[in-house]
Structure formats: C-alpha cells, structure tokens
Amino acid sequence: MSEFQKKFDKAIINIVSNIPKGRVMSYGEVARAAGFPRHARMVSKAMSRSSKPLPWFRVVRADHTLAFAAHSEYFIKQKKLLSREGVLIINGKVVPLQTDKNKMLDEVLWGPE
DNA sequence: CCCTTGACTATCT
DNA sequence: GAGATAGCCAAGG
C-alpha cells in the first residue's frame, strides 16, 4: 500500500464513519473535509479498502443521486439502508423523509451551516 | 512513459 | 433538467 493511501484512507474513513444517521455527504465534501480537495473520485476506493464497516451508504453524488447504476445490486442496497433511517430516494434523487417543516430542504439534507 | 479507469464535479448546451 | 464535455488524480497495465 502506498503512503498516500495510508494517510488518505485514514482521513476518509474518519470522516465517513462520523456522518450522522439520517444525513448524507457528497464524495467531494468527504474529500474536502478529510483535507484532500479534488480527490472525490478516490473516496470510494478508500471506503472499499476499509477494514472496519462504514456507513458508506450515506455518501452520495453532489447532485443528490446515488453513484451506483440504477437497479444494480448496490443501488438497491443503498436505497434500502438509507430509507431505513428516513432518507428516501425519489426519481433517483435523495429526499429526506419529512422532518422539520420549518427547515429548508437543503438544510435538512446537508445540515445547518 | 502513455493510456485507461473510476461509487466524481462543475459548467456549459 | 437531462446530456455532453472537460477537468480532476492516483493506480494499474
């Protein structure tokens, strides 16, 4: 394993494992939060290499769609895992189950900031 | 080295 | 808003 992967994986895994239940982050956001901007495409590989289980299903594309091919095995699996915690996929896009009516959709999705 | 491959993104049409 | 396009960047062949 390259030195890059060692540090990268550690940082990515740390971020992903801390995504709260019912919330999602984009690959780019995870990469940025981990201190590796422009490495969105490598986030998935880091997660795959993780030895411990991760809430990988809480990571979606920046446009709110799932990264897996529609109808693929993992697409179905991710959709199910997310719906289990109140995050639904409608028309291929992530939509949170109605929660706080006073919050804007983006805030419910991506959190207050 | 050069080329291809992604669980990606931002920016046009 | 769905496609196409051009960046992106480490890995592997």
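A residue counts as buried here when its relative accessible area is under 20%. Keep that cut-off in mind, because Glu85, with a relative accessible area of 18%, falls on the buried side of it. We'll come back to Glu85 after a look at the overall fold. One caveat before we start: this is a predicted model.

Start with chain A as a whole. The chain has 5 helices and 4 strands, and if you walk along the sequence you meet them in the order α-β-α-α-β-α-β-β-α. There are 113 residues in chain A, and 37% of them are buried. The chain exposes about 7400 Å², with carbon and sulfur atoms supplying 55% of that area. As for how the chain folds back on itself, take the contacts between residues at least 6 apart in sequence: 59% of them join residues at least 24 apart.

Now for the inside. The largest nonpolar core has 17 residues, and the ones with the most contacts inside it are Ile12, Val16, Val30, Ala34, Val43, Met47 and Val59. Helices α1, α2 and α3 are the elements that give two or more residues to this core, and α1 provides the largest share, with 6 residues. Val30 is a good residue to click on if you want to see the packing. Leaving aside neighbours within four places in sequence, Val30 is in contact with Ile12, Ile15, Val16, Met25, Val43 and Val59. Apart from this core there is another one, made of 10 residues, including Leu81, Val87, Ile89 and Val94.

Back to Glu85, then. Glu85 sits in the loop between α4 (73-83) and β3 (87-90). What does the side chain of Glu85 have 2.9 Å from one of its polar atoms? The partner is the backbone nitrogen of Gly22. Once neighbours within four places in sequence are set aside, the contacts of Glu85 are Lys21, Gly22, Phe57 and Arg58. Gly22 therefore turns up both as a contact of this buried residue and as its polar partner.

Next, the DNA, beginning with strand B. The protein surrounds DNA strand B with 13 residues, and the closest are Tyr27, Gly28, Arg41, Arg61 and Ala62. Two of the polar pairs go to phosphate oxygens of strand B: a backbone N or O atom of Gly28 lies 2.8 Å from one, and a polar side-chain atom of Arg61 lies 2.9 Å from one. Arg41 goes for a base instead, with a polar side-chain atom 2.5 Å from a base nitrogen of strand B. Two elements give two or more residues to the surface near strand B, namely α2 (27-33) and α3 (40-49). Of these, α3 gives the most, with 5 residues. Sorted by class, that surface has 8 nonpolar, 3 polar and 2 charged residues. On the DNA side, 40% of the strand B atoms within 4 Å of the protein belong to sugar or phosphate, and the rest belong to bases.

Strand C has its own set of neighbours. DNA strand C is surrounded by Ser2, Phe4, Gln5, Arg38, His39, Arg41 and Met42. By class, this surface has 2 nonpolar, 3 polar and 2 charged residues, and α1 (3-16) and α3 each supply at least two of its residues. Of the strand C atoms within 4 Å of the protein, 75% belong to sugar or phosphate, and the rest to bases. Phosphate oxygens of strand C have partners in Ser2, through a polar side-chain atom at 2.5 Å, and in Arg38, through a side-chain N or O atom at 2.8 Å. Arg41 shows up again here: an N or O atom in its side chain is 3.5 Å from a base oxygen of strand C.

Arg38 deserves a second look for its backbone. Most residues other than glycine have a negative phi. Arg38 has a positive phi, near 70°, and lies in the loop between α2 and α3. Is Arg38 buried or exposed? At 79% relative accessibility, Arg38 counts as exposed, because the cut-off for exposed is over 50%. His71 makes a similar case to inspect: its phi is positive, about 75°, although it is not a glycine. His71 is found in the loop between β2 (59-60) and α4, and with a relative accessible area of 73%, His71 is exposed.

Methods. Residues are numbered from 1 along each chain as its sequence is written. Chains are lettered from A and ligands numbered from 1 in the order in which they are written. This is a predicted model: local features need pLDDT of at least 70, side-chain atom pairs count only at pLDDT 80 or more; totals for chains, interfaces and linings use all residues. Side-chain values use heavy atoms; hydrogens and water are left out. A residue is near a molecule or strand if one of its heavy atoms lies within 4 Å of it. A polar contact is a pair of N or O atoms within 3.5 Å; within protein, one must be able to donate a hydrogen and the other to accept it, and residues adjacent in sequence count only if both atoms are side-chain atoms. Ala, Val, Leu, Ile, Met, Phe, Trp, Tyr, Cys and Pro count as nonpolar, Asp, Glu, Lys and Arg as charged, and the others, Gly among them, as polar. Buried means under 20% relative accessible area, exposed over 50%, partly exposed in between (1.4 Å probe, protein chains only). Contact means heavy atoms within 4.5 Å. A nonpolar core is a set of buried Ala, Val, Leu, Ile, Met, Phe, Trp, Tyr and Cys residues joined through side-chain atoms within 4.5 Å. Accessible areas come from the Shrake-Rupley method with a 1.4 Å probe; for residues, only the protein chains shown count as cover.
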